[in-house]
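Please examine the following structure, beginning with a single loop residue and moving outward to the whole chain.

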Amino acid sequence: MTRTTVRVYARDPISEAGVSSALRPRPEVRVVTPDESDPPDVVIVIVDAVDEEALNTLRFVRRNGEARVILIASHLDDQDLVRAVECGVVGLVRRSEATTDRLLAVISSAAAGEGTVPPDLLGRLLDRTF
């Protein structure tokens, strides 16, 4: 089994430590820290809101590596989806839905080059485009 290297970033250390601790024992992933030389395959960014600071963080992560980016946010709406995707995000998860199993599924999809969006947001986005 190929392990996906994952870096977790959050504005608050409790969220970062919590998600890292939940993922660390799982054999599918290897959580790396910023000071490790191995670049991550996937970076998880955890925010409360998709505000300008969050968007700048997403842009920074995409500019400074080849990692695929997953966004976990407390609140996600249609506009947040569009702005996050414009910043290079390939996976979106609401914080309330961010179980370890859900995160592993999204990480696996991102590592495989696939995107993941909450179904209700995807449905509304598709309805708007046609």
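In this predicted model, Glu97 lies in the loop that links S5 to H4. Its relative accessibility is 37%, and Glu97 therefore counts as partly exposed, since that class lies between the limits of 20% for buried and 50% for exposed residues. Thr33 is separated from Glu97 by 64 residues in sequence, and their C-alpha atoms are 24 Å apart in space.

The loop that holds Glu97 leads into H4, a helix of residues 100–111. For its 12 residues, a rise of 1.5 Å a residue predicts a span of 16 Å; the C-alpha atoms at the two ends of H4 are 16 Å apart, so expectation and model agree. After H4 comes Gly113, which has a positive phi near 85°.

Which residues of H4 are buried? They are Leu103, Leu104, Val106, Ile107, Ser109 and Ala110. The packing partners of these buried residues include both helix and strand: H1 is one of them, and the strands are S1 (4–10), S2 (29–31), S3 (42–47), S4 (68–73) and S5 (89–94).

The pairing of H4 with H1 can be described in further detail. The axis of H1, residues 13–23, comes within 10 Å of the axis of H4, and the two cross at roughly 80°. Angles of 65 to 115 degrees count as roughly perpendicular, and H1 and H4 are therefore roughly perpendicular to each other. On the H1 side, the contact is made by Val19, Ala22 and Leu23, while H4 contributes Thr100, Leu103, Leu104 and Ile107. Sorted by class, this contact of H1 with H4 comprises six nonpolar residues and one polar residue, with no charged residues. Leu103, Leu104 and Ile107 of H4 thus appear in the contact with H1 and also among the buried residues of H4.

The view can now be widened to the chain. It contains five helices and five strands, and from the N terminus on, these elements follow the order β-α-β-β-α-β-α-β-α-α. Among contacts in the chain with a separation of 6 or more, 68% join residues 24 or more positions apart. Of the 130 residues, 40% count as buried.

What are the overall dimensions of the C-alpha atoms along the principal axes? They fill a box of roughly 45 × 30 × 25 Å. A compact globule of 130 residues would have a radius of gyration near 14 Å; the chain has 14 Å, so the model agrees with that expectation.

Terms used. Residues numbered from 1 in each chain as written. Predicted model: local features only at pLDDT ≥ 70, side-chain atom pairs only at ≥ 80, totals over all residues. Heavy atoms only, no water. Axes fitted to C-alpha atoms, helices over the stretch in contact; angles between N-to-C directions. Helix = DSSP H or I, 4+ residues; strand = E, 2+ residues; numbered from the N terminus. Parallel < 35°, antiparallel > 145°, perpendicular 65-115°, else oblique. Contact = heavy atoms within 4.5 Å. Nonpolar A, V, L, I, M, F, W, Y, C, P; charged D, E, K, R; others polar. Expected span 1.5 Å × (residues − 1). Buried < 20%, exposed > 50% of the residue type's maximum accessible area, 1.4 Å probe, protein only. Rg over C-alpha atoms; globule rule 2.2 N^0.38 Å.
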